[in-house]
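Visitor: I'm new to looking at protein models. Could you walk me through this one?

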Amino acid sequence: MDNASHIDVIVVGGGLAGLSAALVAARMRLRVVVVDAGKPRNAVAAHSQGYLTRDGASPAELLRLAQEEVAAYGVELLHDEVLVATKTSGEFQLELASGGSLQAGQLVVATGVKDELPELPGLAELWGRDALVCPFCHGWEARDLRTVFWATSGIDLHRAALVSRLTGQLTVVGSQQLIAENAAALEQLVQRGVALQEGEVAALESDGDSAGVPRLRGVRLADGRVLPAQAFYFLSRMQPHDEILRSLGAAMGETPFGPFVRVDQSGQTGVPGLWAAGNVTDPGAQLVHAAAQGYRVGASLAATIALG
Ligand SMILES: Cc1cc2nc3c(=O)[nH]c(=O)nc-3n(C[C@H](O)[C@H](O)[C@H](O)COP(=O)(O)OP(=O)(O)OC[C@H]3O[C@@H](n4cnc5c(N)ncnc54)[C@H](O)[C@@H]3O)c2cc1C
């Protein structure tokens with residue numbers, strides 16, 4: 001691409017948050033470049049749910065449509081990775097993995113998170129199919145299935161309550177300590193027909209389906225028992241891709257999921273010209289929230305430029 005001509009906005013991360021910011025900014029006649037490494041968080045899932053008008057579309061299809069829409073407004077999409085970001089004299093400079101560099105006065109970081117899976121044999125091959133984290137994303141598709149919920153913290157039991165709405169065949173597995181410390185919450189679940197098993201989850205067991213794709217068969221506990229299961233809920237650890245934001249001085253705030261970069265109501269960090277949207281700043285954001293946050297950032301930075 002021609003880097004010599006002036007770029008108004010660089011968006012790092014081409015998921016729905018970044019592309020939504022790009023769409024709105026480009027429609028305000030700003031020159032926008034999106035740099036995307038092409039590893040959206042939900043890539044392992046066959047379908048994405050709950051995005052109105054596109055419920056059930058594959059993550060790849062949703063992104064393809066979004067890329068087409070932004071391209072129609074002249075947004076340039078680079079398949080690359082930003083390695084280093086600096087700011088001098090009011091301009092952001094980005095160094096790319098390909099060796100190139102980019103410069104602009106406004107920088108949107110929408111780089112998402114990485115889900116770190118617990119070390120559990122058999123989990124990685126079932127992740128996003130039968131091994132799930134989000135009842136809102138996959139709960140309907142896994143409704144009525146024989147389900148095991150691995151409870152690893154007391155505050156996480158609210159997800160078990162949600163799952164109990166989706167299947168009448170739910171077993172919650174937790175350690176002796178977790179069960180003792182959360183007796184009241186667990187009793188409520190038991191009253192709703194949820195089975196409770198004390199134990200440590202040791203592995204997931206699977207069989208290949210007719211196409212050879214691994215499907216969950218059971219959850220093995222440390223004492224050797226195997227609980228038959230078709231769906232398994234667990235908690236991943238979300239690691240924000242926030243190196244760029246932190247290196248530029250963005251402030252952090254505490255969340256129930258650990259420290260995340262803090263933004264104001266418009267999506268701006270405390271650093272002038274530096275914006276963030278989507279999971280990188282909001283661990284709870286689903287696709288529709290990520291897109292909405294990107295929209296807000298695109299509109300806010302366009303207003304900043306227009307008024308500046
Ligand atoms: C298994 C699974 C299933 C899910 N299913 C659903 C669902 O059905 N419905 C729903 O609403 N939500 C679902 N989610 C949540 C959804 O994935 C997120 O809400 C959404 O991806 C957040 O969008 P984002 O734009 O913030 O980040 P992402 O979609 O993760 O996009 C971030 C992009 O930034 C890129 N990037 C990162 N660092 C750099 C860098 N340095 N340089 C260049 N590019 C970079 C990444 O490669 C990636 O392409 C699911 C999540 C998981 C894990």
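Visitor: Why is Cys134 called buried?

Guide: Buried means under 20% relative accessible area, with over 50% being exposed and anything in between partly exposed (1.4 Å probe, protein chains only). Cys134 has a relative accessible area of 12%, so Cys134 counts as buried.

Visitor: And what makes Cys137 buried or exposed?

Guide: Cys137 has 19% relative accessibility, so Cys137 is buried.

Visitor: How many disulfides are there?

Guide: The structure holds 0, where a disulfide would be a pair of cysteine sulfur atoms within 2.5 Å.

Visitor: What kind of model is this, by the way?

Guide: It's a predicted model: local features need pLDDT of at least 70 and side-chain atom pairs count only at pLDDT 80 or more, while totals for chains, interfaces and linings use all residues. Residues are numbered from 1 along each chain as its sequence is written, and side-chain values use heavy atoms, with hydrogens and water left out.

Visitor: What makes Asp36 a polar contact of the ligand?

Guide: A polar contact is a pair of N or O atoms within 3.5 Å. One polar side-chain atom of Asp36 sits 2.7 Å from a ligand oxygen atom, so the pair fits the definition.

Visitor: Which backbone atoms do that too?

Guide: A polar one of Ala37 is 3.0 Å from a ligand nitrogen atom, and one of Ala285 is 2.8 Å from a ligand oxygen atom.

Visitor: How much of the ligand does the protein bury?

Guide: The protein buries 95% of the 1000 Å² that the ligand exposes when taken alone (areas by the Shrake-Rupley method, 1.4 Å probe).

Notes
Polar contact = N/O pair within 3.5 Å; in protein donor to acceptor, adjacent residues only side chain to side chain.
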